[in-house]
Amino acid sequence: MTDQAFVTIRNAAKSYGALEVLKDINLTVNRGQIVAIIGPSGSGKSTLLRAINELDPLTSGEVWLEDVQINKKLPHRQYEAHVNQVRQDIGMVFQHFNLFPHLTVRGNITLAPRMLKGLSEADADKLAEEQLAKVGLSEKIDEYPSRLSGGQKQRVAIARALAMKPKVMLFDEATSALDPELVEEVNLVMKQLAEEHMTMIIVTHEMDFAASVCDRVLFMDQGVVVEEGPPSVIFHDPKEERTRNFLRKHLSR
Amino acid sequence: MDTELILRVAPFFLEAAWVTIQLSVLTALLGLGCGALGAAARLSRLAVFRWIGAVYVSLWRGTPALIQVFILYFGGPQIGIQLDSFAAGTIALGVNIGAYMTETIRGAIVSVDRGQAEAARTLGLSRWQTMRKVVLPQAARLMIRPLGVNINALIKGTALVAPISVVELTYTAQRFIGSTYKPFEMFLVAGVLYMAIIYAVGHGINWLDRRARIV
């Protein structure tokens, strides 16, 4: 089940004019693997994550999910249809949750499954109940997002992404905007996903979490992957000076 | 002040107020239509449409509405457009306010947090599905008040069709001044009636705004 390339990034590069934000990045994530991307702000880690589902398309290079190239060059209409299709398999969780404020929790979770998979109202409701139970928020199903705490919002956002039954989940600093006491409840949900062998790519500032959950850690700086390896190596015995400097600042905090 | 005169002309003014209301409603509807199309053009992926939208807004906001009314009503027949004064006035004012509404609607749409569209697109929704189910419902709420400002302006702007002899409030006031030589009373009555219409519409907008507030 593992040891099978699932998400593959080849020679990824991205620039805005003369500014290169990603330089020749290669990454293979196997099925069920959990990879953390760490690095200082502006290192390109979020850009790389957002390139995986074409939110920030690469300037050159390839992104694959199994045997489908995500960033295929196609005429506009075909490209849109293709991207809409592949995105259904890639869940994403944002720093600021991005829940739809005009919809209830139920509406947030069922919108995409109903529109894209043609689920009936009853089936969609069942799906919402299942996903909410999973993140421990069953009683909030008819609340609007404004009535939830930050941690609850993020758990709903995770449930919303999971409702599309994605093959891989991307987390873009999912706990950075949360008050410290709310971080743990979101981390717990992510740990639970890890135990279910969800393939995950996690951009994070939380070194403890990365160390305890991830199979592999990438340290990025200035658009390149400086170093990568298992957390035991990256956190306790990094080879590169830049990694050491970064970790010194982050671990002593 | 001649109150007896005011009472005598009141029925004519009420009839004129009804014409002003009809003008306002039709102008607002046409304006909303033009505004929606204009905003769609301004936000289009295609440069041609963006350009057309920008030209529309700058031409129609850059010239006096009175000139636009005159061009259509007096100039129209020269190029084969023959309209009665009510139709010409409604169309000219509607297209005019549509240019302002274009910017109002566009502004509301772009001020919806970008993360909303990103979240929807990430789930697999198409551009149009995202617009319809996620962005527009939120933008609609944001545009109620500024559209109310546009509608307030257009109601007062309906006075601009008086010169082409649409028998609305301002024209009626002028007509009675000709026969009574009492401009103070006549314009006062017209003013009060405009205010009543604007007050009622303002209340309607407030009510809508409260109802649409996101829980």
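This report walks through a predicted model of chains A and B, from the fold of chain B to the contact between the chains and a few residues worth a look.

## Chain B at a glance

Let's start with chain B, which is helical: the count is eight helices and zero strands. Read from the N terminus, the order of its elements is simply α-α-α-α-α-α-α-α. Along the principal axes, its C-alpha atoms fill a box of roughly 70 × 45 × 20 Å.

Chain B has 215 residues, and 45% of them are buried. As for how the chain folds back on itself, take the contacts between residues at least 6 apart in sequence: 77% of these join residues at least 24 apart.

## Where the two chains meet

How big is the contact between chain B and chain A? The area buried between them is about 2,100 Å², and carbon and sulfur atoms give 61% of that. In residues, chain A puts in 25 and chain B puts in 23.

There's some polar chemistry here too. Nine residue pairs make polar contacts across the interface, with both partners at pLDDT 80 or more. On the chain B side, the elements giving two or more residues are helix H5 (114-123) and helix H6 (127-157). H5(B) has the largest share of that side, with nine residues. By type, the chain B side splits into eight nonpolar, seven polar and eight charged residues.

The interface also has three salt bridges. One to pull up on screen is the pair B:Glu118 and A:Arg50, whose side chains meet at 2.7 Å, N to O.

## Salt bridges within the chains

Over all chains, the structure holds 22 salt bridges. A:Arg106 is a good one to follow, starting with its bridge to A:Asp125, where the closest N and O atoms are 3.0 Å apart. A:Arg106 sits in helix H3 (residues 105-117) of chain A and A:Asp125 in helix H4 (residues 121-134), so this pair ties together parts 19 residues apart in sequence. The side chain of A:Arg106 also meets that of A:Asp142 in a salt bridge, at 2.9 Å, N to O. A:Asp142 is in the loop between H4 and helix H5 (150-162) of chain A, so its bridge to A:Arg106 in helix H3 links parts that are 36 residues apart in sequence. Elsewhere in chain A, a network of salt bridges links A:Arg31, A:Glu66, A:Asp89 and A:Lys167.

Chain B has an Arg106 of its own, and B:Arg106 forms a salt bridge with B:Glu103, with the closest N and O atoms 3.5 Å apart. These two residues are three apart in helix H4 of chain B, so about one helical turn separates them. B:Arg106 is partly exposed at 23% relative accessibility, while B:Glu103 counts as buried at 17%.

## A buried threonine and some cysteines

Staying in helix H4 (residues 85-110) of chain B, have a look at B:Thr102. Is this threonine buried or exposed? B:Thr102 is buried, with a relative accessible area of 0%. Setting aside neighbours within four places in sequence, B:Thr102 is in contact with B:Cys34, B:Gly35, B:Gly38, B:Ala39, B:Arg42, B:Tyr56 and B:Val57.

One of those partners, B:Cys34, is itself buried, at 17% relative accessibility. Over in chain A, A:Cys214 is buried as well, at 7%. If you're hunting for disulfides, the count over all chains is zero.

## Two loop residues with positive phi

Chain A also has a couple of backbone spots to check. A:Glu54 isn't a glycine, yet its phi is positive, near 65°. A:Glu54 lies in the loop between helix H1 (45-52) and strand E4 (60-65) of chain A. Despite that loop position, A:Glu54 is buried, with a relative accessible area of 6%.

A:Gln222 is another non-glycine residue with a positive phi, near 50°. Its loop runs between strand E9 (216-221) and strand E10 (224-229) of chain A. A:Gln222 is exposed, at 53% relative accessible area, whereas A:Glu54 is buried.

Notes:
Residues numbered from 1 in each chain as written. Chains lettered and ligands numbered in written order. Heavy atoms only, no water. Contact = heavy atoms within 4.5 Å. Buried area = accessible area lost by both parts, 1.4 Å probe. Salt bridge = Lys/Arg side-chain N within 4 Å of Asp/Glu carboxyl O. Polar contact = N/O pair within 3.5 Å; in protein donor to acceptor, adjacent residues only side chain to side chain. Helix = DSSP H or I, 4+ residues; strand = E, 2+ residues; numbered from the N terminus. Nonpolar A, V, L, I, M, F, W, Y, C, P; charged D, E, K, R; others polar. Buried < 20%, exposed > 50% of the residue type's maximum accessible area, 1.4 Å probe, protein only. Disulfide = S-S within 2.5 Å.
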